[in-house]
Amino acid sequence: MKMDKMNYKGQIGVTSHIEMGSLDGAMLPMHDLVDECLYSSEMDAQKTQPILSTQRLLFSGLRVGGYKMTRNGVYKSIKTVVFSNKLNLLMPFGPLAIMVHKMSASNSWVFFLSLLGITPLAERLGYATEQLAFYTGPTVGGLLNATFGNATELIISIYALKSGMTRVVQLSLLGSILSNMLLVLGCAFFCGGLVHYGKEQVFSKATAVVNSGLLLMAVMGLLFPAVLHYTHTERKVGKSELSLSRFSSCVMLLAYAAYLVFQLKSQNDNYVPVGEEGSHNGENDDDEDEVPEISKWESIIWLAIMTAWISILSDYLVDTIEGASEAWDVPIAFISVILLPIIGNAAEHASAIMFAMKDKLDISLGVAIGSSTQISMFGIPFCVVIGWAMGREMDLNFQLFETATLFITVIVVAFFLQEGTSNYFKGLMLILCYLIVSASFFVHEDPSAVGQSKIPKT
């Protein structure tokens with residue numbers, strides 16, 4: 001029995017020893033596995049660390065590169081818009097006008113400096129509109145040209161309406177029409193005729209006829225309120241004239257909207273936007289390959305900046321126009337009809353002459369006659385409606401002298417355009433007609449503008 005017990009214990013010991021041995025043998029691979037896992041994780045960390053550092057460098061490089069690209073884009077945009085035109089040398093006169101207004105009470109200098117400061121802004125506003133038209137297509141581009149083409153005159157008119165100077169609004173818009181029809185078109189015909197001496201320049205007769213018809217319609221809208229006033233045939237004195245003006249303004253705006261649809265949709269062959277007009281002589285133009293110089297959003301931002309800056313200077317311009325008239329001993333009618341349009345539309349004058357010298361009279365006609373059509377059929381009725389909303393009694397009675405001047409001008413220009421041809425002699429005649437108009441307004445004292453009280457701004 002003892003031997004059996006001892007054998008049993010020995011077997012148990014041997015078995016336990018074998019089992020422990022097997023456990024010890026099993027533990028060695030576990031340690032090795034743990035060591036391999038730790039080693040592999042360290043290797044992965046070492047491999048991942050350069051990848052993460054590379055990604056950090058890449059992201060930081062993208063941020064720095066994006067910042068540099070944005071900064072370079074801003075510099076390029078400023079260089080293209082601000083420093084690409086010599087006319088922009090007049091831009092510092094705008095801040096100078098504000099400084100003079102703050103430091104002294106010289107209305108004449110503030111008025112003069114404001115005029116000079118607005119001139120390049122008006123040209124850059126047109127440039128930004130043309131750049132934006134590249135991205136919008138012909139239809140929306142035409143609407144943009146109608147809206148911003150004469151934005152400077154409209155902004156000045158709105159500030160004058162806000163100040164209660166309705167007569168200044170009427171005279172400045174009338175002056176823009178006369179300046180474009182006589183001076184701008186005359187200079188274009190004259191310079192184009194001298195450059196192409198011995199050659200008869202041609203333009204689209206159909207376009208000229210339609211624009212002449214719209215101008216005659218505008219004369220009709222201005223004529224009847226004046227006739228109603230001077231014949232004393234109003235049913236309700238003081239009210240019928242204003243009601244007729246507001247109704248006629250709505251009709252004129254509707255007619256101009258229909259004209260835009262007709263020009264841009266119905267007659268694409270004969271009536272195309274100014275930026276896409278080609279030569280009617282069968283010559284290939286290089287303008288088809290034009291590309292925008294700035295992006296769409298840059299155009300919108302520059303439009304907002306230029307419009308805001310023109311609005312600020314227009315406020316100073318309107319506030320000092322009466323003081324400038326007294327200091328210079330010049331009638332307000334002459335300043336409004338002659339000086340404001342000449343300086344405010346200087347860029348349009350230059351572009352019309354340039355296109356005429358390149359034998360692209362259709363574009364010159366679009367700048368001159370098209371701008372007159374915009375002001376007469378859109379600008380003037382729009383100001384009447386805006387004045388209606390402001391509570392200002394702005395009407396279409398431009399007085400007898402001014403209405404007669406516009407009527408004769410439209411008739412003269414229509415006769416010059418009926419043949420569809422131009423030469424330097426026609427241009428000279430139009431320029432001389434403008435000199436007569438200028439002299440007439442210099443000696444004309446407008447009774448309704450004398451002592452016109454300014455309504456305080458609200």
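Select Tyr 197 to begin: its relative accessibility is 61%, so this residue counts as exposed, where exposed means over 50% relative accessible area, buried under 20% and partly exposed in between (1.4 Å probe, protein chains only). Before moving on, note that this is a predicted model, in which local features need pLDDT of at least 70, side-chain atom pairs count only at pLDDT 80 or more, and totals for chains, interfaces and linings use all residues. Residues are numbered from 1 along each chain as its sequence is written, and side-chain values use heavy atoms, with hydrogens and water left out.

Searching the whole structure gives nine aromatic pairs, a pair being two rings of Phe, Tyr or Trp (its six-membered ring) with centres within 6.5 Å, called stacked if the planes are under 30 degrees apart, edge-to-face if over 60 and tilted otherwise. Add Tyr 424 to the selection, and you have a tilted pair with Tyr 197, at 5.9 Å centre to centre and 35° between the planes. These partners are 227 residues apart, with Tyr 197 in the loop between helix H5 (166-195) and strand S1 (201-202) and Tyr 424 in helix H13 (residues 424-443); helices (H or I, at least four residues) and strands (E, at least two) are DSSP runs, numbered from the N terminus. Tyr 424 is partly exposed, at 33% relative accessible area.

Next, select Tyr 256 and Tyr 259, another tilted pair, with 5.8 Å between centres and 40° between planes. Both belong to helix H7 (residues 240-266), three residues apart, or about one turn of the helix. Tyr 256 is buried at 4% relative accessible area, and Tyr 259 is buried at 9%. Finally, add Phe 378 and Phe 382, which form one aromatic cluster with Tyr 256 and Tyr 259.
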